[in-house]
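Q: Could you take a close look at the salt bridges in this model? Please go on to the cavities and the ligand contacts afterwards.

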Amino acid sequence: MATATLTIDLDALAANWHALDSLATCETAAVVKADGYGLGADRVARALYAAGTRRFFVALAEEGAALRAALGPEPEINVFSGHMPGDAEILAEMALTPMLNSLDQMLRHFEHLPGAPFGVQLDTGMNRLGMEPAEWDAVRDIALEQNPTLLMSHLACADDPEHPMNPQQLATFRAMTDGLDVPRSLAATGGILLGDDYHFDLTRPGIGLYGGLPFIDAAPVAAIDIPVIQIREVAPGETVGYGNTWTAPRPSRIATLSAGYADGILRAMGPQAYVYAGEHRCKIVGRISMDLIGVDITDAPDIPDTVELLGRHQSVDTLADAAGTIGYEILTSLGARYARHVLAS
Ligand SMILES: *Cc1c(COP(=O)(O)O)cnc(C)c1O
């Protein structure tokens, strides 16, 4: 079989949730948007539910509906994008809680689903989603009369603990919500690591659950192993791959791997990236193609049947660095073609 394998370690996922949960005394939810950061929202959410998670966040109502079908009636499912035109039926039928982002959304919600649960997302400086302080001032009393389940905001720079934006957003969030008798949430993974002041009543980790920075202590959740299709000997001066971007400086042994950018192995990472043949680190040489990658295995002690791209030797963040991106993008780019295996005790 030439198909590359994506192994998803659900025990490591659960361990990461427990580890993040133990860093705060409040409730810990889980963010499973974008198909559980590319790893499969159904299986990820069911494993987290078994580990004790009772609140989930998704980006879209449609993601929430699929999650409700997978998890049954008990857990609370919150939708970051709020109540969009046409969402009333799916929100009501699937018992989803929208995080209302604007006066428009609030009026829509109260008109179409009076009495249905909702939270409010506040903008404390990121300028992405949520009501700004002046808007919130104007509608706060009306919103509070309808008993919101949560007041939340999101930090723009929480991956950098020294960033002045963190205390600035914290102060804005406090100014907008202090003294109101509604549960509050400000922290995602990065915010959990900033300490107690940022935790409030509920944290909302995503990337840390899946093994990514800024949660340095995360256990790896995703592993990728790629079969070798062919081995060839290349003489000095010969080239490998499209565009002749790599020329052999010495007699070289090249392995051709059965995966490529169609699998989310970003073409941009090529010149900086490595794979592992057993314990041996091997450089990717030449351009990454759609379905194939060349690797220099000249110095490997054995000829491998498969190599490791992600796993024990290499994290999503190492790969991300090679492509000039972040672990989040590596995970959510993984293609549909992998043979997906699940590890669970
Ligand atoms: C994606 C997201 C999260 C989770 O963030 P991580 O950095 O992955 O922990 C939490 N809150 C909001 C609003 C988000 O968009």
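A: The salt bridges come first, then the cavities, then the ligand.

This is a predicted model: local features need pLDDT of at least 70, side-chain atom pairs count only at pLDDT 80 or more, and totals for chains, interfaces and linings use all residues. Numbering runs from 1 along each chain as its sequence is written, and side-chain values use heavy atoms, without hydrogens or water.

A salt bridge here is a side-chain nitrogen of Lys or Arg within 4 Å of a carboxyl oxygen of Asp or Glu. The structure has twelve of them. Start with Arg 250. Its side chain meets that of Asp 296 in a salt bridge, with 3.7 Å from N to O. Asp 296 sits in strand β17 (residues 293–296), while Arg 250 is in the loop between β13 (246–247) and β14 (252–257), so this pair ties together parts that are 46 residues apart in sequence. The elements are DSSP runs numbered from the N terminus: helices are H or I with at least four residues, strands E with at least two.

Arg 250 also forms a salt bridge with Asp 299, where the closest N and O atoms are 3.1 Å apart. Asp 299 belongs to the loop between β17 and β18 (306–310), and Arg 250 to the loop between β13 and β14, so the parts tied together here are 49 residues apart in sequence.

How exposed are these residues? Under 20% relative accessible area is buried, over 50% is exposed, and anything in between is partly exposed (1.4 Å probe, protein chains only). Asp 296, at 15%, counts as buried. Arg 250 is partly exposed at 30%. Asp 299 is partly exposed too, at 47%.

Another pair is Arg 312 and Glu 279, whose side chains meet at 3.2 Å, N to O. Arg 312 is in the loop between β18 and α10 (316–323), and Glu 279 in the loop between β15 (274–277) and β16 (280–285), so the pair ties together parts that are 33 residues apart in sequence. Both Arg 312 and Glu 279 are exposed. Elsewhere, salt bridges link Glu 27, Arg 55 and Glu 76 in a network.

Now the cavities. A cavity is a set of points, on a 1 Å grid over the protein atoms alone, where a 1.4 Å probe fits but cannot get out; lining residues have an atom within 4 Å of a point. The whole structure has two cavities of 30 Å³ or more. The largest holds about 50 Å³. Its lining includes Asp 123, Arg 128 and His 154. The second largest holds about 40 Å³. Leu 309, Leu 310 and Tyr 338 are among its lining residues.

Last, the ligand. It is surrounded by 15 residues, the closest being Lys 33, Tyr 37, Thr 189, Ile 207 and Tyr 328. A residue counts as near if one of its heavy atoms lies within 4 Å. Polar side-chain atoms of two residues approach ligand oxygens: Lys 33 at 2.7 Å and Thr 189 at 2.5 Å. For Gly 206, a polar backbone atom is 2.8 Å from a ligand oxygen.

How values were computed:
1 Å grid on protein atoms, 1.4 Å probe; cavity = no way out; pocket = protein on both sides within 12 Å on 5 of 7 lines; lining within 4 Å. Points joined across faces, edges and corners; volume = space filled by probe spheres on them. Polar contact = N/O pair within 3.5 Å; in protein donor to acceptor, adjacent residues only side chain to side chain.
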